[in-house]
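Please look through the sequence and the model below before reading on. The paragraphs that follow begin with one residue and then widen to the whole chain.

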Amino acid sequence: MNLSRQFIVRPVATSLLTAAIVLAGIVAYRLLPVAALPQVDYPTIQIATFYPGASPDVMASGVTAPLERQFGQLPGLKQMTSISSSGSSIVTLQFDLALSIDVAEQQVQAAINAAATFLPLDLPNPPVYSKVNPADAPVLTLALTSQSLPLTVVQDLADTRLVQKIAQLPGVGLMTLSGGQKPAVRIQVNPARLAANGLTMDDVRAAVAAANVNQAKGSLDGPFQSFTIAANDQILQSKQYKALVIAYRNNAPLLLSDVADVIDGAENIRQAAWMGDQPAIIVNIQRQPGANLIEVVDRR
């Protein structure tokens with residue numbers, strides 16, 4: 001039986017079949033996902049720990065080493081790498097491909113809990129872990145600059161408004177901000193003035209911490225009604241810190257502005273990002289697994 005004869009004797013049917021195949025190919029081509037790499041769920045977890053003011057040696061011995069001892073006992077661990085720098089520790093764990101990423105996540109959480117007693121007592125926040133896929137590079141990078149606003153205000157606006165809106169778009173999985181311009185109040189203590197008044201750096205720290213709290217104040221209970229005391233003691237601006245009383249000397253209050261310069265600035269002045277030669281706030285956008293790369297970028 002000659003297969004080609006059936007198409008020769010039926011030219012109309014052959015033409016219709018060819019047109020149908022072409023149309024089906026066009027429709028299928030438009031539905032194909034676009035990605036540089038195939039969708040692979042690598043069992044990789046990254047643990048980040050931040051300890052402001054600590055040197056790389058302190059981070060390596062006091063934070064990274066205790067975590068590595070606990071992580072080294074995890075079953076299915078294939079590779080472990082770590083980076084200790086000023087104020088931060090990054091530990092990356094790569095597990096065997098046969099191990100589920102969800103199971104690995106539970107093991108990492110248990111290891112972090114076990115290492116908590118060996119970490120510094122004054123660690124601001126516990127280690128934070130996240131699933132990392134080496135194939136998921138940012139699909140879009142935005143640089144935000146301003147000629148009239150400081151970068152601290154630009155980052156605050158980007159974090160509270162722009163990032164929140166873009167994160168709601170379909171296909172957007174993760175958004176990160178970089179540039180190190182998170183707004184903060186910086187207290188630059190003068191050691192000579194401090195010593196002249198018989199105070200230490202810890203006295204200033206304790207006074208600032210005691211005056212800047214946001215905790216429950218209790219309630220007033222009566223025979224018929226109960227009232228919750230609502231008061232916010234948090235200090236948000238530098239001018240409020242300047243009037244803070246840290247001690248009394250010669251029956252007179254000693255203000256924070258008497259021993260320190262209080263200014264509005266960035267949380268870490270040694271971190272920055274640039275767009276060309278201009279300082280900027282960088283926004284990195286990553287897509288959700290399986291999302292069409294072109295569509296995610298077009299929705300921004």
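Val163 has a relative accessibility of 10%, and it therefore counts as buried, a word that here means under 20% relative accessible area, whereas exposed means over 50% and partly exposed lies in between, with a 1.4 Å probe and protein chains only. This is a predicted model, in which local features need pLDDT of at least 70 and side-chain atom pairs count only at pLDDT 80 or more, while totals for chains, interfaces and linings use all residues. Residues are numbered from 1 along each chain as its sequence is written, and side-chain values use heavy atoms, with hydrogens and water left out.

Val163 belongs to helix α5, which covers residues 151-167; helices (H or I, at least four residues) and strands (E, at least two) are DSSP runs, numbered from the N terminus. When neighbours within four places in sequence are set aside, Val163 is in contact with Ala158, Met175, Leu177 and Val283, where contact means heavy atoms within 4.5 Å. Pro191, by comparison, is 28 residues from Val163 in sequence, and their C-alpha atoms are 41 Å apart in space.

A second buried residue is Thr49, whose relative accessibility is 0%, and which lies in strand β1, residues 44-50. Not counting residues up to four places away in sequence, Thr49 touches Met59, Val63, Leu67, Gly87, Ser88, Ser89, Leu123 and Pro127.

Gly87, one of those contacts of Thr49, leads to the hairpin of β2 and β3, where two residues stand between the strands and Gly87 takes a positive phi near 80°. Strand β2 (residues 77-85) and strand β3 (residues 88-95) pair in the antiparallel sense over eight bridges, and two strands are said to pair if DSSP finds at least two bridges between them. Within this pairing, Ser82 stands opposite Val91 in β3.

Turning to the whole protein, one finds 10 helices and 15 strands. Its radius of gyration, taken over C-alpha atoms, is 29 Å, well over the 19 Å that the globule rule gives for 300 residues, so the protein is more spread out than a compact globule; the rule itself is 2.2 Å times the number of residues to the power 0.38. Taken along the principal axes, the C-alpha atoms fill a box of roughly 115 × 60 × 50 Å. Of the 300 residues, 27% count as buried, and among contacts between residues at least 6 apart in sequence, 70% join residues at least 24 apart.
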